[in-house]
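Student: Got a minute to go through a model with me? I'd like to start with the strands.

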Amino acid sequence: MKKFFKIGCLGVIALVVLGIIIAVATSGGDETADTSTGSKAPVEEKKAEVAGMGEVVKVGDVSFTINSKETADQVGPSIMPETASGKYVVLNVTFLNGGNEAVMIDSSFFKLKLGEKTYEADSMASLTGNQNEDGSIQTAFMAEEINPDSEVTGKVVFDVNPDVADSADLQVQVQSGLFGTETATINLK
């Protein structure tokens, strides 16, 4: 019986791995079989539509709207502002949770894109940029729980090179969760 478990368990694992390898190797990639003629036809790739500022973009159960984009040298209240090492790109964003459970939103859900380059949000500048003159915080986009059917509007701030900040080709990538399983791209024009 012990010999069966040693060989049997390893044998089953080996068969599963072998099955996966064969399935991957024999998958046709970009072709699908036409059952009526038996021929293979290339699959048409769908280009992801890129939304623009002011448009509601649904990603999974949540929605994003980039209301405006501006550049600045500093953000926050005039008493203790945060100063950019380059130049800030400040996005005014509305987030809507259309799901059935609370969702945690964070500035890491937003990535600034210029061509193949990706820029992360500056969490401290985003926090400071959402402060009122009296120091109170409107919203932080920092591990904030948003309940179902609730909406929050705030700023997400990126500290980038001035040439990047002034580029006409900037885009922002938004994601549905902490691990970014679903994403969408928005033009910042």
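Student: How many bridges join β7 to β11, and do they run parallel or antiparallel?

Tutor: Four bridges join β7 (residues 110-114) to β11 (residues 171-175), and the two run antiparallel. Strands here are DSSP runs (E, at least two residues), numbered from the N terminus. Two strands pair if DSSP finds at least two bridges between them.

Student: Which residue is the bridge partner of Lys 111?

Tutor: Gln 173, in β11.

Student: What is the strand order in that open sheet?

Tutor: β8-β7-β11-β12, four strands with antiparallel pairing. β8 (117-120) and β12 (183-187) are at the edges with a single partner strand each, so one side of each has no neighbour in the sheet.

Student: Switching topic. What joins β3 and β4?

Tutor: A hairpin with two residues between the strands. Gly 60 in the turn has a positive phi of about 65 degrees. Lys 58 has Ser 63 in β4 as its bridge partner.

Student: And how many bridges link β4 to β5?

Tutor: Twelve, again antiparallel. Thr 65 sits opposite Thr 94 in β5. That hairpin has six residues between its strands, and Gly 76 takes a positive phi near 105 degrees.

Student: Where does pLDDT stay under 50?

Tutor: Over residues 14-19 and over residues 23-36. pLDDT is the predictor's confidence in each residue, from 0 to 100. Where it is low, the predicted coordinates should not be read in detail. The chain mean is 82.

Student: Any ground rules?

Tutor: This is a predicted model, with residues numbered from 1 along each chain as its sequence is written. Local features need pLDDT of at least 70, side-chain atom pairs count only at pLDDT 80 or more, totals for chains, interfaces and linings use all residues, and side-chain values use heavy atoms, leaving out hydrogens and water.

Definitions and conventions
Contact = heavy atoms within 4.5 Å.
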